Amino acid sequence: MDTPGESSREHAADQMQAAHSIGRGTSADRHAEDAATFQPSSGIQQLDFVDENKPSRKSSFVAEHVPEAPVEPVSAGFFSPALAPMRRRYFIIIGRATLLIIALMWTCLPVYWGALANSAELTGNLEAWFIDRDGSRVGRGLTQAVQKYSAPGPQLNWKFFSGVNAGDDSDIIDMVLNDQAWVAVVVQPNATTRLATARVNGDETYDPSTAVKVYYAQARNEIATGNYIVPITTQMLQATTSAYATSTAQRVFAQINSNGQPNATALQMIANAPQTISPAISWTMVNLRPYQAPAAQAATLVGNIFLCIFAFMITMANSTARAIVSPHMSFLPYLALRIAVPLIAYLPLSMSYALINLAFKLPLGTKFGLGAGFIISSAYIYLGMAALGLSIEAMITILTPRFTPFFLFMLILYNVSPVVLPDELQSPIYTYGSGFPIWYVSLRTIMFDTPSHLGRNIAVIIAWIIMSCGTMSVFTWYMRRREKRRLYAYAARRTKSPDGGPLQVEKGKARDKEKDVE
């Protein structure tokens, strides 16, 4: 039979052996497989090592007695007096979760609500051009009518140019496509001459809609163009052209009856071409970049939220899987594992996402051709998922899986809010979005041939990936260092003999190990 002193020393040696073995890994070391490796003897307390990625309210290292006999199950109602302590803990957990979610709501939702709240009041920031290339009665009349136009509701920021300053229609189209203006209303050259000639000759082929052309690019932002640009411009042109047609008709009929008798020939010409009186002039809407694929909204906005959620799922799976091997790995291989595994997992995920876009026939070939467009879009999807996913991978080290969903919600809301509407329709505070990855994970250029900023976009996304890798390295190093210190401190306290005197040899070994860690 062992003496008490020998039993105590064996007990301490077992604990230090467990500390040394587990100390090589991170705090993700309390899985059952790892605990089984140490084979604690009956009646000896076993160390429970906390994984930084496992939700727990306990401290990092908690001594738990191995129960000698199984606890008898209790069958009782929820409000049974026997369950009073557990019921209290239950309500505390639910109450705290509710309070945290409410705090999360007030932290995040106002950001998204605010991104949409003032858009109608900020339409004056949307630059619109009115260009008179006629230079005669029609052009001057419409210019004056637009300048005097005032209607309740949202208004655009109209700027007026002569045809000499604006150039021809091809120049105007290029400027609209390069995002210099949201819409350009162009009174066409010789609009007055063509109207007068058609009226005098009774030209039945005269088309009033050729007098004015309206250029805009819907794909620049389908929400802004659909809700504000097109409706406001259409309302303005209806009012101004109707007013001009009315005044012109009064002038024409006054000339016809100038001698007190109507001019029969003029009346006959008007009868042949009544469109020269009403509407006299109209307009043609020219959508330079139509948003022709409704399913594209899934890839340009909502799809980025899906990317974030898929990356979160991989993060949670990786958190569970790496706890199996982390106790047996040193720092650098473990860090490489944390970075490499998600990056590899994102490859099939991003390719699958890109294939779904292809299956629904999104116009990936608009700018670069279908093959190149698919490859470029797949690369951007992969980099976007990496930028979002690695940021979650970094934060789970500190927050643990219990609080990482809160970070996920914040990441989505603060990324999506600035890109719902263009900058002109949001408060200046939302310019922070230009530094967030979802702002740049956009396939509009590939699908709709909008102005290309692909080089700048990829630079920002890669910067996010590098930053996430850096923060993950720092967080991992810090958590492993902290857990090892707790481990060795706990093991040192456990090496005391039953009569209270420390075992100097084992305690010295513990100090040496602490120095090695530092």
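A residue counts as buried here when its relative accessible area is under 20%. By that yardstick, buried residues make up 44% of the 518 residues in this chain, which is a predicted model. The fold works out to 16 helices and 7 strands. Among contacts with a separation of 6 or more, 78% link residues 24 or more positions apart. As for the outside, the chain exposes about 26,000 Å², and carbon and sulfur atoms supply 62% of that area.

Next comes the sheet. Five strands line up in the order β4-β3-β5-β6-β7, giving an open sheet with mixed pairing. At its edges stand β4 (157-162) and β7 (283-287); each has a single partner strand, so one side of each is left without a neighbour in the sheet. On average, neighbouring strands are turned by 20° against each other, direction ignored. Within this arrangement, β3 (residues 127-132) runs parallel to β5 (residues 183-187), and the two pair over 5 bridges. One of the residues involved is Asp 132, whose bridge partner in β5 is Val 187. Helix α6 (residues 169-177) packs on the sheet, where it touches β3, β5 and β6 (212-216). The direction of α6 makes about 30° with that of β6.

Back on the surface, there is a nonpolar patch built from Phe 78, Phe 79, Tyr 90, Phe 91, Ile 93 and Ile 94, which together have about 660 Å² of accessible area. Of these patch members, Ile 93 sits in helix α3 (residues 84-117). With a relative accessible area of 53%, Ile 93 counts as exposed because the cut-off for that label is over 50%.

Terms used: Residues are numbered from 1 along each chain as its sequence is written. This is a predicted model: local features need pLDDT of at least 70, side-chain atom pairs count only at pLDDT 80 or more; totals for chains, interfaces and linings use all residues. Side-chain values use heavy atoms; hydrogens and water are left out. Patches are made of residues with over 30% relative accessible area and no salt bridge: like charges are joined within 9 Å, nonpolar side chains (Val, Leu, Ile, Met, Phe, Trp, Tyr) within 5 Å. Accessible areas come from the Shrake-Rupley method with a 1.4 Å probe; for residues, only the protein chains shown count as cover. A salt bridge is a side-chain nitrogen of Lys or Arg within 4 Å of a carboxyl oxygen of Asp or Glu. Helices (H or I, at least four residues) and strands (E, at least two) are DSSP runs, numbered from the N terminus. Buried means under 20% relative accessible area, exposed over 50%, partly exposed in between (1.4 Å probe, protein chains only). Contact means heavy atoms within 4.5 Å. Two strands pair if DSSP finds at least two bridges between them. Axes are lines fitted to C-alpha atoms, for helices over the stretch in contact, and angles run from 0 to 180 degrees between N-to-C directions.
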